[in-house]
Amino acid sequence: MHPVIAALFLPLLGAVLVRAGAVRLVPSGAARLATAAVGLAHLFSWAAFFLMLSYAPGGRIHDLDLFPLMQIGEVGISFLLRWDPLSQIMLMVVTGVAFLIHLYSVSYMEGDDRYPYFFADLNLFVFSMVLLVLAGNFLLLFAGWELVGLCSYLLIGFWGAQPVAASAGLKAFVVNRIGDAGFIIAILMMAGTLGSLDYTGVFAGAPHVFLRGSGSALLLALLLFCGAMGKSAQFPLHVWLPDAMAGPTPVSALIHAATMVTAGVYLACRCQPLFELAPASLYFVAWVGAFTAVFAGTIALAQRDLKRILAYSTVSQLGLMFLAVGVGAHGAAMFHLFTHAFFKSLLFLGAGAVMHALGGELDVWKMGGLARPLKWTFWCFLAGALALAGAPLTAGFFSKDCILFAAFMAQPNGRALWLMGLAASALTGLYSFRAVWLVFGGTPRVKRAHEPHDPPALMRWPMAALAVLSLVAGFLWLPSWTHFGPFGRFLEPVLGLSGHYAPPRAEEAAMAFAVAAFLAGVGAAWGLYRRGAQTVKLVGGRLKPLHRVLFNKYWVDEVYRALVVKPLFRTAGRMESGIDRAGFDEAAEGTAGTALESSTEGRKWQTGHTGHYALAMALGAAGLAVLVYLVQTWVLP
Amino acid sequence: MTLGLLQLLAFWMFACGVAGVVIRRSPLAVFMSIELMLNAANLLIVLGSGNAGMEAAASAGLAAVFILIALGAAEVAVGLAVMMAMFREGKGASLDQATGLKG
């Protein structure tokens with residue numbers, strides 16, 4: 001059997017076994033089973049990786065047809081897996097990060113009433129995500145797409161007894177539906193005009209039907225991007241992601257930072273041939289990405305909830321990835337996706353360790369001085385924050401630099417996009433080190449009931465592993481003058497060369513600007529948050545209006561409430577009283593009433609005594625017999 | 001002559017059955033009356049098939065009788081189950097109490 005097939009179905013097997021045995025298994029057994037399933041899947045993904053390396057770069061794109069699924073008119077659909085460098089990288093990232101987070105959860109979720117169910121859902125998520133990245137046609141991709149959405153809903157609402165968690169899950173689901181509507185229409189467009197949903201067939205046939213630069217090509221690309229915007233929380237569909245933090249922290253780390261939310265970026269990379277048919281759509285992608293990166297970055301500056309800071313940071317980083325896609329640097333987008341998966345999940349796991357130490361406290365203004373008691377957590381979190389902010393030589397530095405340089409070289413609008421990317425980078429440094437100083441620096445700002453301590457080993461080691469990856473993963477793709485970029489070269493068969501012609505010294509200059517942005521951001525954080533009390537005065541004084549705007553997230557939620565939610569509820573209320581009650585209910589009840597009244601006489605015949613019925617039957621039969629006799633004797637002759 | 005008498009017997013049995021179903025209050029008695037009617041019908045079929053004087057008709061009649069006997073057996077199974085249910089509900093003593101179909 002092919003290793004990717006094992007990697008796909010092992011987590012599903014784990015999910016089924018854990019769920020079926022949830023009542024009987026001891027909790028630790030359920031956790032072990034689920035973790036082992038994902039760990040094995042990760043090992044198989046390495047096997048697949050080495051198998052792929054044994055092929056020549058040109059022969060690394062494979063379609064694995066497992067079995068036919070259905071035939072709809074002309075369109076035949078089978079369970080088709082696409083195994084190429086792009087899906088291979090996603091497969092390894094997803095299973096690897098998922099394995100570490102499973103390990104972390106074993107300890108983090110301990111004592112929860114629904115401990116086995118958590119692992120069953122987490123395993124199901126891993127299966128869905130792997131299905132999404134390995135799918136070889138758009139229908140399977142969509143199935144994975146919706147399944148990860150379902151798992152996200154289930155896991156956000158894992159503590160569904162709390163109304164916040166339940167409504168956050170619902171919000172995530174509903175907002176994603178808006179994006180998915182576009183995605184479904186795009187899939188139907190392809191099925192209807194191209195007669196195939198397999199990647200091979202679609203990418204081969206699309207240029208003949210969706211002519212380059214035509215309106216239909218633009219429509220198709222924008223509809224696909226609509227789906228990506230929902231899943232990857234791009235403005236204006238970003239509102240669900242911060243609320244999704246109501247779920248358990250490992251879920252935020254796995255689903256809402258490292259894997260599921262990057263599915264939109266993966267989709268955009270996968271559908272690169274389709275986007276390239278409509279160059280205008282790429283400008284749109286780039287501008288939405290750049291705007292979201294800056295927009296979410298500013299919001300992250302003023303949030304008090306540690307997990308929300310990280311959530312807005314995720315939105316902002318996803319914006320940078322879309323910026324890269326928009327300027328045609330798909331490899332850079334994938335590289336940032338790759339490094340971001342490590343350092344962002346690390347930061348979330350660190351936030352989980354802080355919550356663990358402080359009894360669930362999330363308000364950064366009530367923390368402080370945790371560097372000493374939480375040594376291990378502090379160093380890991382710091383590594384993650386450095387990588388996120390793009391400190392030189394960390395993973396985030398190289399991947400962000402790839403994106404910024406690609407934007408710098410892009411035509412047209414390159415310089416404007418580059419400046420926005422640079423601003424987003426500076427903001428990243430500011431908000432991530434604001435979080436570091438407020439959480440770990442200074443002295444405790446509130447009195448603590450008991451001394452906080454580092455989490456147990458099972459939570460520490462996954463964090464340490466991710467911290468190492470956050471620091472070194474960037475070396476897989478160094479700037480072009482070094483001629484060392486195995487990551488980019490590996491992806492080349494699928495995404496093409498994402499390098500641009502660079503005038504001499506341009507890359508070094510762009511890198512210098514990126515370092516300057518990092519230093520500016522971290523310096524501003526140092527100046528502002530080194531001493532918490534002064535900042536409070538500043539925020540209370542001159543910066544108060546700005547702080548209010550940012551703290552309230554530009555009132556996007558309020559705008560949605562006023563423009564969409566309330567009118568919808570009002571209309572629904574009117575429909576209910578006007579049409580449902582007065583129309584349908586009245587009609588149904590009126591008919592029933594008439595029938596009831598008209599049957600008053602008839603009902604008296606129904607005595608309920610079997611004898612009466614039997615007599616009626618006997619008399620009827622006798623009457624029939626007489627009738628037949630009469631007809632035969634008198635009428636027929 | 002014998003044929004006529006036997007036919008009369010069948011009519012009489014059937015009439016007794018009908019009267020029993022209509023008049024009797026005990027479910028068990030009603031049940032027996034139904035069986036009486038079935039047997040009356042069986043008797044008529046046997047008489048008719050024997051009288052036709054044809055091999056095919058004779059075997060067809062016998063087959064019909066067997067089908068009717070099987071029908072009766074099936075009816076016993078269902079009917080007894082219904083009666084058990086009625087006894088459980090405490091309505092087994094008299095059919096007058098089972099008036100669930102009253103309008």
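1. Let's start with chain B. Among its contacts with a separation of 6 or more, 42% are between residues 24 or more positions apart. Bear in mind as you read on that this is a predicted model.

2. What does chain B consist of? It has three helices and zero strands, and along the sequence the pattern reads α-α-α.

3. The overall form of chain B deserves a look. A compact globule of 103 residues would have a radius of gyration near 13 Å, but the value for chain B is 17 Å. Along the principal axes, the C-alpha atoms of chain B fill a box of roughly 50 × 25 × 25 Å. Of the 103 residues in chain B, 11% are buried.

4. Next, where the two chains meet. Ten residues of chain A are in contact with twelve residues of chain B. On the chain A side, helix α26 (residues 610-635) gives the most, with five residues. By class, that side of chain A has three nonpolar, six polar and one charged residue.

5. Now for chain A by itself. Its domain assignment gives domain 1 (1-173 + 242-269), domain 2 (336-551) and domain 3 (556-587). If you want a feel for the spacing, the C-alpha centres of domain 1 and domain 2 of chain A lie 26 Å apart.

6. How many residues does each of these two domains put into their contact? Domain 1 of chain A supplies 28 residues and domain 2 of chain A supplies 24 residues. On the domain 1 side, α3, α10 (249-258) and α11 (263-270) of chain A each supply at least two residues. Helix α3(A) gives the most to that side, with twelve residues. The class count for the domain 1 side is 20 nonpolar, six polar and two charged residues.

7. Helix α3 (residues 85-108) of chain A is worth tracing in the model. With 24 residues at 1.5 Å a residue, α3 of chain A should span 34 Å, and this agrees with its end C-alpha atoms, which are 34 Å apart. Is α3(A) enclosed or open? It is largely enclosed by the rest of the structure, because 22 of its 24 residues are buried.

8. Helix α21 (residues 506-529) of chain A passes the length check too: its 24 residues should span 34 Å at 1.5 Å a residue, which agrees with the 34 Å between its end C-alpha atoms. Which residues of α21(A) are buried? They are A:E507, A:A510, A:A514, A:A517, A:F518, A:G521, A:V522, A:A525 and A:Y529. A general point helps when reading such a list: an α-helix has 3.6 residues a turn, so residues three or four places apart point the same way.

9. On to the nonpolar cores. The largest has 219 residues, and those touching the most other members are A:V130, A:L224, A:A268, A:L323, A:A324 and A:A406. Helix α15 (residues 330-357) of chain A makes the largest contribution to this core, with 17 residues. Because domain 1 (1-173 + 242-269) and domain 2 (336-551) of chain A both give residues to this core, it lies between them.

10. To see one member of that core in its surroundings, click on A:A268. Leaving aside residues up to four places away in sequence, A:A268 touches A:F225, A:A228, A:F275, A:V285, A:F322 and A:V325. Apart from the largest core lies another, of five residues, including A:A614, B:V18, B:V30 and B:L95.

Definitions and conventions
Residues are numbered from 1 along each chain as its sequence is written. Chains are lettered from A and ligands numbered from 1 in the order in which they are written. This is a predicted model: local features need pLDDT of at least 70, side-chain atom pairs count only at pLDDT 80 or more; totals for chains, interfaces and linings use all residues. Two residues are in contact if their C-beta atoms, placed from the backbone, lie within 7 Å. Helices (H or I, at least four residues) and strands (E, at least two) are DSSP runs, numbered from the N terminus. Ala, Val, Leu, Ile, Met, Phe, Trp, Tyr, Cys and Pro count as nonpolar, Asp, Glu, Lys and Arg as charged, and the others, Gly among them, as polar. The expected span of a helix is 1.5 Å times one less than its number of residues. A residue is buried if 20 or more other C-beta atoms lie within 10 Å of its own, exposed if 12 or fewer, and partly exposed in between; C-beta atoms are placed from the backbone. The radius of gyration is taken over C-alpha atoms; the globule rule is 2.2 Å times the number of residues to the power 0.38. A nonpolar core is a set of buried Ala, Val, Leu, Ile, Met, Phe, Trp, Tyr and Cys residues joined through C-beta atoms within 7 Å. Domain bounds come from an automatic or database domain assignment.
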